[in-house]
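User: I'm new to this one and would like a close look at a metal site. Please keep it relaxed and explain the terms as you go.
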Amino acid sequence: MSYYETIVGLEIHVELLTKTKLFCQCPNVFGDEPNTNKCPRCEGLPGALPVLNKEAVELAIKAGLALNCEINPESRFDRKNYFYPDLPKGYQITQFYEPVCRNGVVTLKSGKKIEIREIHLEDDAAKLVHADKLFVDYNRCGVPLIEIVTSPDFRTPDEVTEFLEILRRAFQALKISDCKIEQGSMRVDVNLSVHKADETLGTRTEMKNMASFKAISRAVMSETARQIEVLENGGTVIQETRRWSEDEGVSYRMRDKEDYHDYKYFPEPDLEAVILDKSYIDKLRDELIELPHEKAKRYISQYGLTEYEANILTSLTEISVFYDKTVEYNNLCKDNCNFILTHVLKIMNEQGLKDIPVSPLAFSRLVKMVHENVISNATGREILLVMFSDEGRDIDPMEYAETNGLLIVSDDGVVRDAVRSVLVNPSCKKALDDYLKGNTKSAGFLMGQVMRALGGKGDPSVVRRIMNDELEKLNGNVEE
Ligand code: ZN
Ligand code: MN
């Protein structure tokens, strides 16, 4: 018997971070008092005409460039007609025939390519609030959305999650969208079908209402199992829209899936075509920053970081920009990373900081001092804390370490003097006698005394070497 294969395509709606809505001047803000941001245009009152928001078009193009799309030099808007209480106009303004971006591609870690069919611009519907009655909040009505449509290229929940993670990190870094899936600024519809490898494609269903990546992953597994069960029992899968219930871990049928002709699309008569100059698109392309997932890939291959390290460093643009500069200065990829991961992020977290107040140059010098054993790791953290404070912002770490006596003592002469003074100290006599009788444990105590004599700044490897040397002399194992 042959196994079932799962085929998944995604439709992802993302709210754009514009200041105003797509076709009017109302503020685009999440969480305001209901129905405070609305006007005749977004309420769809008779005679109100849409005016296209340029910022929204720009963010849609940036999204397209980030996903390696072709940018359509002449895109257009169309009406998608349907009635629903959250849609006062009676239609959605979207791009059906000429979307702004087409033919993109995203490459997963495995090298597998996910094709982006198109990205189109459209206005969001109002938000229905189900309480004792049904309420409509028009604040969301007319908020700019892009819809990203992929080819059915996914085969596993992990591929879906990895792709969405790439998308979310890219859009956040480019300030296209905050992609808060739990707040609805990123909404993922999963189109899924199953079939046996040697048979034709199955009927697909569409799943909505997943509020986290984990929920999406669960929904993919659950729907795969459900469809296989239907087929194995001799039934047929019905083309329908299903609603995921995270609490129950199952989905419910919402409605038959509409076909595109049900919406009677036609060109929007109130808006002109969006004509884009090549020079304008080129300018946006030039401004594109290296995206988090590309950066992470580079950190792994070029700098030898682990995937875990690379993902953390690229989780915030500010951190990765800082890290890049420090590597430029001192070329210590791993050390800088370790220092950021173990100290910087912790201090930022403790102090509630969003950005690093330390100069990358001073930081790179500090890490180099630790790397070259000029100061200990603990001292490095101590100086870093000073650098995080207002007074310490401009200090030079080397100068600071010198004037405050924080340098590691690795000078043989200085260390030998300290070792000898400890070994002749009456308070250490017992430990020394024990050691000479063969109790090697007391060497630890003596080491500690020497480190203390050196103010905690002794280079442990030098202290250990000279201590052994001096003890062996006393043991008579070495002739002078
Ligand atoms: Zn408005
Ligand atoms: Mn849509």
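How are the donor residues of the zinc ion (ligand 1) spaced in sequence?

Analyst: They follow the pattern C-x1-C-x12-C-x2-C. Before going on, keep in mind that this is a predicted model, where local features need pLDDT of at least 70, side-chain atom pairs count only at pLDDT 80 or more, and totals for chains, interfaces and linings use all residues. Residues are numbered from 1 along each chain as its sequence is written, chains are lettered from A and ligands numbered from 1 in the order in which they are written, and side-chain values use heavy atoms, leaving out hydrogens and water.

Put names on that pattern and you get Cys-24, Cys-26, Cys-39 and Cys-42, each giving its SG atom to the zinc ion (ligand 1) at 2.3 to 2.4 Å. (A donor is an N, O or S atom within 2.8 Å of the metal, or 3.2 Å for Na, K and Ca; water isn't among the atoms, so sites may look incomplete.) The arrangement is tetrahedral because the four donor atoms subtend angles of 100 to 114° around the zinc ion (ligand 1); the label requires all angles to lie between 85 and 135 degrees. For four tetrahedral donors, the ideal angle is 109.5 degrees. Cys-24 and Cys-26 are both buried, meaning under 20% relative accessible area with a 1.4 Å probe, protein chains only.

There's also a manganese ion (ligand 2), with His-13 (NE2), Glu-122 (OE) and Glu-147 (OE) as its protein donors, 2.0 to 2.2 Å away. The spacing there reads H-x108-E-x24-E. Glu-122 sits in strand E7 (residues 113-123) and Glu-147 in strand E10 (residues 144-150), 25 residues apart, so this pair links distant parts of the chain. Strands are DSSP runs of at least two residues, helices of at least four, numbered from the N terminus. Glu-122 and Glu-147 are buried too.

The manganese donor His-13 also turns up beside Ile-146: leaving aside neighbours within four places in sequence, the contacts of Ile-146 include His-13, Ala-60, His-120 and Phe-171. Contact here means heavy atoms within 4.5 Å. Ile-146, along with Phe-163 and Phe-171, touches the most other members of the largest nonpolar core, which has 63 residues. Such a core is a set of buried Ala, Val, Leu, Ile, Met, Phe, Trp, Tyr and Cys residues joined through side-chain atoms within 4.5 Å. Helix H1 (residues 54-66) supplies the largest share of this core, eight residues. A second, separate core has 34 residues, including Val-327 and Cys-337.

Terms used: Buried < 20%, exposed > 50% of the residue type's maximum accessible area, 1.4 Å probe, protein only. Tetrahedral: all angles 85-135°; square planar, octahedral: opposite > 155°, others 65-115°.
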